[in-house]
Each structure stands twice: as structure tokens, then as C-alpha cells.
Amino acid sequence: MCGGRYCNGGWVFVNDIKSLIPKDKFDVSTVDALMQLSEEDAQPILPQLLLCIADINWPVANKMLPVLVRFQNSLVPHIEAALAPEAQDDVLKYWIIEALL
């Protein structure tokens, strides 16, 4: 690996990977670049990407679903943690079950 990927008209380097995390519930600007990442490159930001579907009514949520499906194998431990009985975010649990699984 050369340390970067050409995404969405520019290079995204692994050390810049956190810049692809949506800034808020309206930020869909990085979805195309996220779809270009390898599963290995996406690993560090998967927990934050999963939080993008905390409310499916957010603009970013529906755009993020295909990204999450693309990285489904690596998301399993994060989904398990979010669905654990001790996890407190019942709305996130609902949307993981309803929209992602």
C-alpha cells in the first residue's frame, strides 16, 4: 500500500482517515471517499461511522448505510458492543436492528 487512496477527486492518506468522519448529522460530503476505502483502512473509524445511524432521520444516516454494509465483517464487534445489555443507547440499538441488520 502506498499510504493513500485516490478518492473523490483527491488523495486520502491513512493518517488523515479521521477527516472522513462526518462532522455532524448533515455532513454527507465524505460518503463517496468512505466507499473507496479498504476495510483495513476504515478500521480506526468504524465505531464513529456506526454512530452516524443513531437516528435514521438524520441526512447522514441513510447515506452511511451502504458504507456500513461494505465494512460489515469488521463492524461485527462494534455492533455486538452497541447491542450489549449494558449499552445505554436504546435508539442506536433500534436503528442497528431495524436498518442495518
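The following paragraphs describe the fold, the nonpolar core and selected side-chain interactions of a predicted model of a protein chain.

The protein chain comprises 101 residues, of which 42% count as buried. Its secondary structure consists of 6 helices and 2 strands, and these elements follow one another along the sequence in the pattern β-β-α-α-α-α-α-α. Among the contacts made in the chain at a sequence separation of 6 or more, 59% are accounted for by residues 24 or more positions apart. The accessible surface amounts to about 5,900 Å², and carbon and sulfur atoms contribute 55% of this area.

The largest nonpolar core contains 30 residues, and the members that touch the most other members are Leu34, Leu49, Leu50, Ile53, Met64 and Leu68. At least two residues of this core are supplied by each of helix 1 (31-36), helix 3, helix 4, helix 5 and helix 6, with helix 4 giving the most, namely 6 residues. The buried residues of helix 4 are Val60, Ala61, Met64, Leu65, Val67 and Leu68, and the elements that cover them include helix 1, helix 3, helix 5 and helix 6. The surroundings of Leu34 illustrate how positions separated in sequence are brought into contact: leaving aside residues up to four places away, Leu34 touches Leu20, Ile45, Leu49, Met64, Val67, Arg70 and Phe71. Two of these partners, Met64 and Val67, are among the buried residues of helix 4, while Leu49 and Met64 are, like Leu34 itself, listed among the core members that touch the most others.

A further set of interactions involves helix 5 (residues 72-83), in which Ser74 is found. Ser74 counts as buried because its relative accessibility is 12%, which falls under the 20% limit for that class. Outside the window of four places in sequence, Ser74 touches Glu39, Gln43 and Leu46. The contact with Glu39 includes a polar contact between the two side chains, at 2.7 Å. In the same region, the C-alpha atoms of Ser74 and Glu40 lie 8.6 Å apart, although the two residues are separated by 34 residues in sequence.

Helix 6 (residues 90-100) contributes the buried residues Leu92, Lys93, Trp95, Ile96 and Leu100, and these are covered by elements that include helix 3 (46-50), helix 4 (59-70) and helix 5. The N-terminal end of helix 6 is capped by Asp89, a side-chain oxygen of which lies 3.3 Å from the backbone nitrogen of Val91.

Lys93, which is found in helix 6, is a charged residue among the buried positions of this helix, and is assigned to that class because its relative accessibility is 14%. Beyond its neighbours up to four places away in sequence, Lys93 touches Ala82, Leu83, Ala84, Pro85 and Ala87. The structure holds 1 salt bridge, formed between Asp90 and Lys93, with the closest N and O atoms 3.9 Å apart. Both partners lie in helix 6, 3 residues apart, or about one turn of the helix. An α-helix has 3.6 residues a turn, so residues three or four places apart point the same way. The two partners of the salt bridge nevertheless fall into opposite accessibility classes: Asp90 is exposed, with a relative accessible area of 53%, whereas Lys93 is buried, with a relative accessible area of 14%.

Helix 6 also has a buried aromatic residue, Trp95, which takes part in an aromatic pair. A search of the whole structure finds 1 such pair; the ring centres of Tyr94 and Trp95 lie 4.8 Å apart and their planes stand at 80 degrees, so the arrangement is edge-to-face. Tyr94 counts as partly exposed, at 44% relative accessibility, whereas Trp95 counts as buried, at 18%.

An aromatic residue outside the helices is Phe26, located in the loop between strand 2 (10-13) and helix 1. Phe26 counts as exposed because its relative accessibility reaches 57%. Its C-alpha atom is separated by 6.8 Å from that of Trp58, which is 32 residues away along the chain.

Methods
Residues numbered from 1 in each chain as written. Predicted model: local features only at pLDDT ≥ 70, side-chain atom pairs only at ≥ 80, totals over all residues. Heavy atoms only, no water. Helix = DSSP H or I, 4+ residues; strand = E, 2+ residues; numbered from the N terminus. Buried < 20%, exposed > 50% of the residue type's maximum accessible area, 1.4 Å probe, protein only. Contact = heavy atoms within 4.5 Å. Areas by Shrake-Rupley, 256 points an atom, 1.4 Å probe, with all protein chains shown as cover. Polar contact = N/O pair within 3.5 Å; in protein donor to acceptor, adjacent residues only side chain to side chain. Phe/Tyr/Trp six-rings, centres within 6.5 Å; stacked < 30°, edge-to-face > 60°. Salt bridge = Lys/Arg side-chain N within 4 Å of Asp/Glu carboxyl O. Core = buried A, V, L, I, M, F, W, Y, C linked by side-chain atoms within 4.5 Å.
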